[in-house]
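Reader: I am in my first year of study and should like to look closely at a single part of a protein chain. May I ask for a connected explanation once the structure is on view?

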Amino acid sequence: MQNERIIELFRNHITAERRYSPLTVRNYMRDVEEFVAWGNSTSEKFLLCEVQRNDIGEYLMWISDLKRERGGKPTNKPRLSTASINRALSSLRSLYKYMRRKEFIDRDVFIGLTALRTQKRLPKYVPEETMVKVVERVLQQLQAEEYEQRRDAMMVLMFYSCGIRLAELIAIDTDHFSDDFRTLRIRGKGDKEREIPIVERLREEIIRYVELLFSENICTTQEKALFLSLHGERISRQEVQRSVARLLRECGVQGKSSPHVLRHTFATHLLNDGADLREIQELMGHSSLRATQVYTHSNIAQLQRIYDVAHPRSGGAASAEVTQRLGDD
């Protein structure tokens, strides 16, 4: 089977069947296409179905050496990061897993190939005291006359209150809520569906937002999306990112300001307040508990900072009140 046909089928698989986000699809396809471009530069007739384990190994060595233009010409671009190399490996592994399942090949060319070790990064999140100010600002902005201001405030509130992904928020339709607006049906990665409970204050704001959405005729088509552009179409990924970042910066949030930071904030604050890790996993739609456990490291890091400041043997300036509380415990 020709490379072009395999790539087309794989694209349809991760888009329609696996329902990966547009960004994930773009990254996977770029990794696959760059692998094929490398193969074409090393062989007159490079076929995906004939690739061997050593071909994968040589490619990984090539991309880990120096970022090159197609055709093998060196550039001044920096070396690829470990995370980028591992993503390329993951993309190709997914491709060949699909090819085996479809019986395009009958062997596993990834036996013995493992991902490079990476330094774990703690997720960025907004501190609780700052998030209190954000929520106060958002609740005020939900009373604004302009639709755009209400929409942006509602998006921030949804990200923080529900812990959903960017692609999941964009995909929400008004009929994805239960009749009483107490639960929201989300279709996440891998086409997996989950229900998220809606807290009472958010429920009240959603009902009011939806009522105004219909009464003001924001959408002049049959579009059912909860969040619309000013042209009445489903909002784009870029517009959500810009709107959320702008509102968070206006509220004094330092560092990275994005929908994903609010998702991390949702999980971190739940864990800090005593929520069970399994419950957080279910709410966030993680397929593995390992993905959720990263927030325990964040929690430990916070405890370490408190220890450094408060404990009398840490060398920091201990607060008498905190020291007393530690002793009481």
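Is Arg165 buried or exposed? Please begin there, and then go on to helix H6 and the residues around it.

Author: The model shown here is predicted. Arg165 is buried: its relative accessible area is 13%, and a residue counts as buried when that value is under 20%. The side chain of Arg165 meets that of Glu168 in a salt bridge, with 2.6 Å from N to O. Glu168 is buried as well, because its relative accessibility is 4%.

Helix H6 covers residues 147–162, and several of its residues can be examined in turn. Met158 lies in this helix. With a relative accessibility of 0%, Met158 counts as buried. If neighbours within four places in sequence are set aside, Met158 is in contact with Gly163, Ile164, Leu169, Ile172, Phe177, Leu184, Leu202, Ile206, Leu226 and Phe227. One of these partners, Ile206, is 48 residues away from Met158 along the chain, yet the C-alpha atoms of the two are separated by 9.2 Å.

Arg150 also has its place in helix H6. Although arginine carries a charge that counts as positive, Arg150 is buried, at 3% relative accessibility. Its contacts, again without neighbours within four places in sequence, are Gln141, Leu142, Ala144, Glu145, Tyr209, Leu212 and Glu216.

A third residue to consider is Asp152, which is buried at 5% relative accessibility. Asp152 forms a salt bridge with Arg246, and the closest N and O atoms of this pair are 3.2 Å apart. The bridge links distant parts of the chain, for Asp152 belongs to helix H6 and Arg246 to helix H9, 94 residues apart. Arg246 itself is partly exposed, with a relative accessible area of 34%.

Helix H9, which spans residues 237–250, also holds Ser243. Ser243 is buried, since its relative accessible area is 3%. Beyond residues up to four places away in sequence, Ser243 touches Arg151, Asp152 and Met155. Asp152 therefore appears twice in this account: as a partner of Arg246 in a salt bridge and as a residue in contact with Ser243.

Another salt bridge offers a further example. Arg187 pairs with Glu193, the closest N and O atoms being 2.9 Å apart. Both residues are partly exposed: Arg187 has a relative accessible area of 39%, and Glu193 has one of 45%. Elsewhere, salt bridges with shared partners join Glu148, Arg151, Asp152, Glu239 and Arg246 into one network. In the whole structure, a search finds 19 salt bridges.

Charged residues also occur in a surface patch. Arg18, Lys97, Arg101, Lys102 and Lys192 gather there in a patch of positive charge. Among them, Lys102 is placed in the loop between helix H4 (82–101) and helix H5 (128–141). Lys102 is partly exposed, as its relative accessibility is 37%.

Finally, these details may be set against the chain as a whole. The secondary structure comprises 14 helices and two strands. Of the 329 residues, 41% count as buried. Among contacts with a separation of 6 or more, 58% are between residues 24 or more positions apart. The accessible surface of the chain is about 19,400 Å², and carbon and sulfur atoms account for 47% of that area.

Key:
Residues numbered from 1 in each chain as written. Predicted model: local features only at pLDDT ≥ 70, side-chain atom pairs only at ≥ 80, totals over all residues. Heavy atoms only, no water. Helix = DSSP H or I, 4+ residues; strand = E, 2+ residues; numbered from the N terminus. Buried < 20%, exposed > 50% of the residue type's maximum accessible area, 1.4 Å probe, protein only. Contact = heavy atoms within 4.5 Å. Areas by Shrake-Rupley, 256 points an atom, 1.4 Å probe, with all protein chains shown as cover. Patch = residues over 30% accessible without salt bridge, like charges linked within 9 Å, V, L, I, M, F, W, Y side chains within 5 Å. Salt bridge = Lys/Arg side-chain N within 4 Å of Asp/Glu carboxyl O. Charge placed at Lys NZ, Arg CZ, Asp CG, Glu CD.
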